[in-house]
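Open your viewer and keep the selection panel handy. This tour goes stop by stop, telling you what to pick next and what you will find there.

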Amino acid sequence: MSTSPPVPAVVSTQSLTHAYGDVVALQDVDVTLGAGVTGLVGANGAGKTTFLRVLLGLLHPTHGNVMVLGRDALKDPLAVRSLVGYMPENQCLPKDQTAADFVAYTAELAGLPTADARRRASETLFLVGLEEERFRFLGDFSTGMAQRVKLAQAIVHGPELVLLDEPASGLDPAGREAMLELIRRLGSFGINVIFSSHLLTDIEATCDSVMLLDAGWLVRSGPVSNLGPTSTITVEVIGDAGEFAARLMAAGLAAVASEHDVTVTGATDHDYDVIRDTADDQGVGIYRLSPTSRSLEDEFLMRANKAEQ
Amino acid sequence: MTDAVIYDRGYRSYEGERLGRAAIRRAIARDGIRRVLGLRRKARRKVLPWSLLVTAVTMAAVIIGLHFVAGSISAAVAEGLPSYPNLFDLYSRIALLLIAVTGPELLGPDRSLGVLSVYFSRPMRVSDYLVGKLFAYLSVAGALYVVPQLLLHLGLAGLSDDGFFSYLVDRLDILWKVPAVAAGYLAVHGGLLAVVSSQIERTGFAAAAYFGTLTAGNQLAGVIADTDFPGSRFVSLLALDDHARVVRDWVFGSNLGRHVPEEFGFDPWVSALAIGVVALIGGWWAYRRYRKLA
């Protein structure tokens, strides 16, 4: 009997911590990201860009280990960078160069011979929809076109992993949708993508899995599909919702009461039985008991509210 | 009539050859040369560098022409015409202008436009980036010093009564003197350029700072060194542009005027040392700055 070799994680970190002086940008992040398109979510200042720069070996973490595509990003950053493409969030295009020249130059900086670099630049600009504009100067490009050039330079050298820092930032709705479509296509071409954004709808629409950062802490990571209907249960009760929530919490459930409702988060199938038995013990009636589909945005807001409290 | 079909070629991973860091440094140098000369840029970016380069070559041609005309009148007249060391003096002015205007372009825009974040995401180190830029600087500014001297050398050889090859053989020392003096100019100018360009983002301000330091700095160093403060003579060592001239006169055995460090009793070897120190400081400064930015 033969067994297939294990697929290495695209990214894995252990106890990853990075501080800028007194400001801690990443706190003890242990995460393993698999193949596909992964969304990196967090508010501004959550540590998304720091995380991406650590993966590239551009920042040396204060503590912890980072493996990217099976290579140690701290010990061998050049090997990692030869396999990774990076699209920064900020403005990063020289205005006095044509798109074709710039993308070809970035390919040469990844070690491609000049002729290959020019050919790849043409192909990549075609792929991102700039075949007609490739000989125009970048200073004349709109924001949407500039974002496409940034994406083209990130993939021109044939990377196995692409890190996209807020790729849809500054785009109008049509441009944003086009950019998300391009990112989905990258996933379909077999390129692994880590895509940071604070636009949660973009992540949900594009990514296979998600990594949620909050103030440098890893809040959760896993498939987007796991945010499914079983994770939250809304119970509408006839009776004292506050006491009902307290009893549920005493039974080990994460329950929050509102006027007539109790919301149980992180629920499992077994928790339905606990809710029923608790209602029976308390003598309250259950008017409605339903699983709630909780979006990434709900989770993000819930975390933010908790942090405020 | 044929039916045309458009295919989406999709994305193909790159499976071809990948070159090492030496090739990356060459690519950076090539890009730097293009940037300085305005190649593959808009037409207005070409005007200044090319007009200065054409001026330099034209001046060499004019001097050869003067030698030809004067030589046909009398050898004594030809002796009094500008030769190799004078040409350095002329070219250092043109080079100063060229480097002041186009030199900051080598480092400034990459930083101010945020392009470094793309470049340093590639498999290269800060040293590769700076070495590539250094090659670009040496190629353009070095050519400005060496090519007209070469033209003059060949031109004078062609005019020589001793014959072309005899002239060249008799003056083999030119083959090391010209590069040595050019290296002095390039080192002191490049060192200062590295400091100024890595600190000041706006190319116009960087050009002004560079130009001002070399021109006004020379005068100012002379004035301060002339005061009665103890040790004030050492301020004359800050007359950076004069160090290259001292070395030029030292190498060619010429005397094209007194220079500030010499006036305050410093030997030519001190000027050569000062040039080396300026170059090292420039390199170290730029490296330190870009290590932070990478």
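Before the first selection, one cut-off to carry along: a residue counts as buried under 20% relative accessible area, as exposed over 50%, and as partly exposed in between. By that rule Asp277(A), with a relative accessible area of 37%, is partly exposed. Please also remember that you are looking at a predicted model.

**Stop 1: a pair of neighbours**

Stay with Asp277(A) and add Arg276(A) to the selection. The two form a salt bridge, with 3.1 Å between the closest N and O atoms. Arg276(A) is partly exposed too, at a relative accessible area of 48%.

**Stop 2: two helices of chain A**

Now select Asp202(A) and Arg176(A), whose side chains meet in a salt bridge at 2.9 Å, N to O. Asp202(A) sits in helix α7 (residues 200–206) of chain A and Arg176(A) in helix α6 (residues 173–188), so this pair ties together parts that are 26 residues apart in sequence. Buried or exposed, what is Asp202(A)? Asp202(A) is buried, at 2% relative accessible area, whereas Arg176(A) is partly exposed at 26%.

**Stop 3: a covered strand**

Next, pick strand β8 (residues 192–197) of chain A, where six of six residues are buried. In a regular strand the side chains alternate between the two faces of the sheet. Colour the two sides of β8(A) separately: Asn192(A), Ile194(A) and Ser196(A) lie on one, Val193(A), Phe195(A) and Ser197(A) on the other, and all are buried.

Then show the strands that pair with β8(A):

- Strand β3 (residues 37–41) of chain A runs parallel to β8(A), joined to it by five bridges; look for Leu40(A) opposite Ser196(A).
- Strand β7 (residues 161–165) of chain A also pairs with β8(A) in the parallel sense, over five bridges; here Leu163(A) has Ile194(A) as its bridge partner.

**Stop 4: where the chains meet**

Bring chain B into view. In this interface, 47 residues of chain A are in contact with 35 residues of chain B. About 3,800 Å² is buried between the chains, and carbon and sulfur atoms give 54% of that area. Which residues of chain A lose the most area to chain B? Select Leu78(A), Tyr105(A) and Leu109(A), which together make up 18% of what that side buries.

For the polar side of the interface, there are 17 residue pairs in polar contact, both residues at pLDDT 80 or more. Among the elements of chain A that give two or more residues to this side are α3 (99–109), α4 (114–127) and α5 (143–155). The largest share, eight residues, comes from α4(A). By class, the side of chain A that touches chain B has 24 nonpolar, ten polar and 13 charged residues.

**Stop 5: salt bridges in and around chain B**

Seven salt bridges run between chain A and chain B, and the structure holds 30 over all chains. To see one that crosses the interface, select Asp96(A) and Arg35(B), with the closest N and O atoms 3.5 Å apart.

Finally, move within chain B to Arg25(B) and Asp128(B), whose side chains meet in a salt bridge at 2.6 Å, N to O. This pair links helix α1 (residues 21–37) of chain B with helix α7 (residues 126–159) of chain B, 103 residues apart. Arg25(B) is partly exposed at 25%, while Asp128(B) is buried at 0% relative accessibility. As a last selection, take Asp96(A), Asp31(B), Arg35(B), Arg41(B), Arg45(B), Glu105(B), Asp110(B) and Lys133(B): salt bridges with shared partners join them into one network.

How values were computed. Residues are numbered from 1 along each chain as its sequence is written. Chains are lettered from A and ligands numbered from 1 in the order in which they are written. This is a predicted model: local features need pLDDT of at least 70, side-chain atom pairs count only at pLDDT 80 or more; totals for chains, interfaces and linings use all residues. Side-chain values use heavy atoms; hydrogens and water are left out. Contact means heavy atoms within 4.5 Å. Buried area is the accessible area (1.4 Å probe) that two parts lose on being put together, summed over both. A salt bridge is a side-chain nitrogen of Lys or Arg within 4 Å of a carboxyl oxygen of Asp or Glu. A polar contact is a pair of N or O atoms within 3.5 Å; within protein, one must be able to donate a hydrogen and the other to accept it, and residues adjacent in sequence count only if both atoms are side-chain atoms. Helices (H or I, at least four residues) and strands (E, at least two) are DSSP runs, numbered from the N terminus. Ala, Val, Leu, Ile, Met, Phe, Trp, Tyr, Cys and Pro count as nonpolar, Asp, Glu, Lys and Arg as charged, and the others, Gly among them, as polar. Buried means under 20% relative accessible area, exposed over 50%, partly exposed in between (1.4 Å probe, protein chains only). Two strands pair if DSSP finds at least two bridges between them.
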